[in-house]
Amino acid sequence: MKTTLVIPALLLLAASVAAQTTPAPTKDPVSSALRDILAGRRKNTVAAVEAMPAEKFNYKPTADQMTFAISSST
């Protein structure tokens, strides 16, 4: 009987201790988050540009929208 109560009590204690530990605060959390996100965004952007056929870089769905390519006139 005691063993059946001790094991759940230890698990509950371990869970509460784990929930209370927080990572050390960073100097600038916004910059840190952006730095973490940037690597994935860079990878996706490069993959999208490499996947786009060169002859479609000037494609424009409507006159008001930008082309896929970067305009040299800006």
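Is Val30 buried or exposed? Select Val30 in this predicted model and show its surface. Val30 has a relative accessible area of 55%, and the cut-off for exposed is over 50%, so Val30 counts as exposed.

Next, add Leu34 and Ile37 to the selection. Together with Val30, these residues make up a nonpolar patch on the surface. The accessible area of the three together is about 290 Å².

Now select residues 29-51. This is helix α2, and Val30 lies in it. Put a distance between the C-alpha atoms at its two ends: they are 34 Å apart. At 1.5 Å a residue, the 23 residues of α2 should span 33 Å, so the two values agree.

Stay on α2 and centre the view on Leu38. The helix has a kink of about 30 degrees there.

Finally, select the whole chain. It contains two helices and zero strands. Colour the 74 residues by relative accessible area: 1% of them count as buried, the cut-off for buried being under 20%. The chain exposes about 7100 Å², and 66% of that area comes from carbon and sulfur atoms.

How values were computed: Residues numbered from 1 in each chain as written. Predicted model: local features only at pLDDT ≥ 70, side-chain atom pairs only at ≥ 80, totals over all residues. Heavy atoms only, no water. Patch = residues over 30% accessible without salt bridge, like charges linked within 9 Å, V, L, I, M, F, W, Y side chains within 5 Å. Areas by Shrake-Rupley, 256 points an atom, 1.4 Å probe, with all protein chains shown as cover. Salt bridge = Lys/Arg side-chain N within 4 Å of Asp/Glu carboxyl O. Helix = DSSP H or I, 4+ residues; strand = E, 2+ residues; numbered from the N terminus. Buried < 20%, exposed > 50% of the residue type's maximum accessible area, 1.4 Å probe, protein only. Expected span 1.5 Å × (residues − 1). Bend = angle between axes of the 7 residues up to and from the residue.
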